[in-house]
Amino acid sequence: MLIRRNRILRQSPSIRSLVAETTLSPNDFIAPLFIDEGENISFEIPSMPNYYRRSIDLTIKEVKGLYSLGIKSILLFIKARDEVKDNTGKEAWNDDGLMQRSIKAIKNAVPEMLVMTDVALDPYSSYGHDGIVKDGEIVNDETVEALVKMSLSHAKAGADFVAPSDMMDGRIGAIRKALEENNFTKTGIMAYSAKYASCFYGPFRDALDSAPGFGDKKTYQMDYANRIEAIKEALADEEEGADIVMIKPAMAYLDIIREVKNRVGVPVSAYNVSGEYAMIKATAKMGWVNEDKAIIESLTSIKRAGADLIATYFAKDAVKLLS
Ligand code: PBG
């Protein structure tokens, strides 16, 4: 005689859905968008099939579509022209730059859409690094000053959240202070708190042509061997005023998402990065894994690990699959 038969709760779709511990909804997703100069441009990123880099006009169409599907938040990345790249990153706080024009155009067209913006110097850096380079090193404090100017410029253009992805020390506190001093009391900060030096960013760097020109990003992004350090980073960012903390990438870092979720008092987001997207796309193309099922299973696992929000290139697909 068995006292407990665990299969009772698995025997039909109805009972399974009744006891499911984790459910996905369109409210969980942040859709990253890649924006380029020009008009009527829609460029499919070779290593990210069915994902596009678009000019502002077509981005607006896309944003309207996302909002009508129930997606309420987007994360913007721009591809800067080579001519504006240098080692100061000054184009990053050009109030008439591509990012700033994009923010204004999107907020104007779909005011309810939450606009989050990437804050890091790599798209603007002649070296492809997230900070200012001196004698072959990425210098911290000067970079933080640049990131502060960049954040203020995004806030001024109308960004709802700035999302610093650079991993410099002290930037969250510096950005928060500057937002306060300049009366941007409604602008949020989503901190990439535990961002690892990961090979899974490869396709993203293709999308924006932003691969580092020398070396790697290991002196600022985290070592994937580390766990305790991620908690330290997340707690520090919370202390410095981050509204949301982020773990990145997601799928190889589910343990980190859970540990951080157990320790912080702010929402946790996870970034299901470009290489994770590409892996599912590639294996599905080979016919080795069912794409739709892989999307939902992996996003569910990220949420189950503890992510309150998920930035994912699958946002639109997932919402369609869920409905
Ligand atoms: C740049 C940035 C990167 C990503 C988001 N912001 C790349 C990097 O750090 O090299 C990666 C996103 C992805 O791979 O989907 N600061």
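**Exercise 1. Decide whether Glu21 is buried or exposed, and find which residue is 283 residues from Glu21 in sequence and 8.0 Å from it in space.**

Solution.
Step 1. Glu21 has a relative accessible area of 82%, so Glu21 is exposed. The model used throughout is a predicted one.
Step 2. Glu21 belongs to the loop between α1 and β1 (29-36).
Step 3. The residue sought is Arg304: the two are 283 residues apart in sequence, while their C-alpha atoms are 8.0 Å apart.

**Exercise 2. State which residues make the nonpolar surface patch of about 390 Å², and place Val19 within the chain.**

Solution.
Step 1. The patch is made by Ile8, Leu9, Leu18 and Val19.
Step 2. Val19 is part of helix α1, which covers residues 13-19.
Step 3. Val19 counts as partly exposed because its relative accessibility is 36%, and partly exposed runs between the limits of 20% and 50%.

**Exercise 3. Examine the backbone at Asn50, at Asp135 and at the bond between Lys248 and Pro249.**

Solution.
Step 1. As background, most residues other than glycine have a negative phi, and most peptide bonds are trans.
Step 2. Asn50 is not a glycine, yet its phi is positive, about 65 degrees. The residue sits in the loop between β2 (42-44) and β3 (52-55). With a relative accessibility of 42%, Asn50 counts as partly exposed.
Step 3. Asp135 also has a positive phi, near 50 degrees. Its place is the loop between β6 (132-134) and β7 (137-139). Asp135 counts as exposed because its relative accessibility is 84%.
Step 4. Lys248 and Pro249 are joined by a cis peptide bond, with omega about -10 degrees. Pro249 is in the loop between β10 (244-248) and α8 (254-263).

**Exercise 4. Describe the salt bridges Asp166 to Arg171, Asp243 to Arg176 and Glu181 to Lys177, with the exposure of each partner.**

Solution.
Step 1. The count for the model is 21 salt bridges.
Step 2. Asp166 and Arg171 form a salt bridge with an N to O distance of 3.2 Å. Asp166 has a relative accessible area of 0% and is therefore buried. Arg171, at 1%, is buried as well.
Step 3. Asp243 and Arg176 form a salt bridge with an N to O distance of 2.6 Å. This pair connects distant parts of the chain, 67 residues apart: Asp243 is in the loop between α7 and β10, and Arg176 is in helix α5 (residues 171-181). Asp243 is partly exposed at 31% relative accessibility. Arg176 is buried, with a relative accessible area of 16%.
Step 4. Glu181 and Lys177 form a salt bridge with an N to O distance of 3.2 Å. Both residues are in helix α5, four residues apart, which is about one turn of the helix. Glu181 counts as exposed because its relative accessibility is 57%. Lys177, at 52%, counts as exposed too.
Step 5. Salt bridges also link several residues into a network, namely Glu37, Arg81, Glu83 and Arg101.

**Exercise 5. Glu233 is buried; find its nearest side chain of opposite charge and its contacts beyond four places in sequence.**

Solution.
Step 1. Glu233 is in helix α7, residues 228-240.
Step 2. The nearest side chain of opposite charge is that of Arg171, 5.3 Å away. A salt bridge needs a side-chain nitrogen within 4 Å of a carboxyl oxygen, and Glu233 has no salt bridge.
Step 3. Apart from neighbours within four places in sequence, Glu233 is in contact with Met167, Ser193 and Met222.
Step 4. Arg171 itself takes part in the salt bridge with Asp166 treated in Exercise 4.

**Exercise 6. For the largest nonpolar core, give the number of residues, the residues with the most contacts inside it, and the helix that gives the most to it.**

Solution.
Step 1. The largest nonpolar core has 101 residues. Inside it, Phe34 and Ile74 have the most contacts.
Step 2. The helix that gives the most to this core is α4 (residues 140-157), with eight residues.
Step 3. Setting aside neighbours within four places in sequence, the contacts of Ile74 include Ile30, Ala31, Leu33, Val63 and Leu66. Others in the list are Ile106, Met113, Leu114, Val115 and Met116.

How values were computed:
Residues are numbered from 1 along each chain as its sequence is written. This is a predicted model: local features need pLDDT of at least 70, side-chain atom pairs count only at pLDDT 80 or more; totals for chains, interfaces and linings use all residues. Side-chain values use heavy atoms; hydrogens and water are left out. Helices (H or I, at least four residues) and strands (E, at least two) are DSSP runs, numbered from the N terminus. Buried means under 20% relative accessible area, exposed over 50%, partly exposed in between (1.4 Å probe, protein chains only). Lys and Arg count as positive and Asp and Glu as negative; His and the chain ends are not counted. Contact means heavy atoms within 4.5 Å. Patches are made of residues with over 30% relative accessible area and no salt bridge: like charges are joined within 9 Å, nonpolar side chains (Val, Leu, Ile, Met, Phe, Trp, Tyr) within 5 Å. Accessible areas come from the Shrake-Rupley method with a 1.4 Å probe; for residues, only the protein chains shown count as cover. A nonpolar core is a set of buried Ala, Val, Leu, Ile, Met, Phe, Trp, Tyr and Cys residues joined through side-chain atoms within 4.5 Å.
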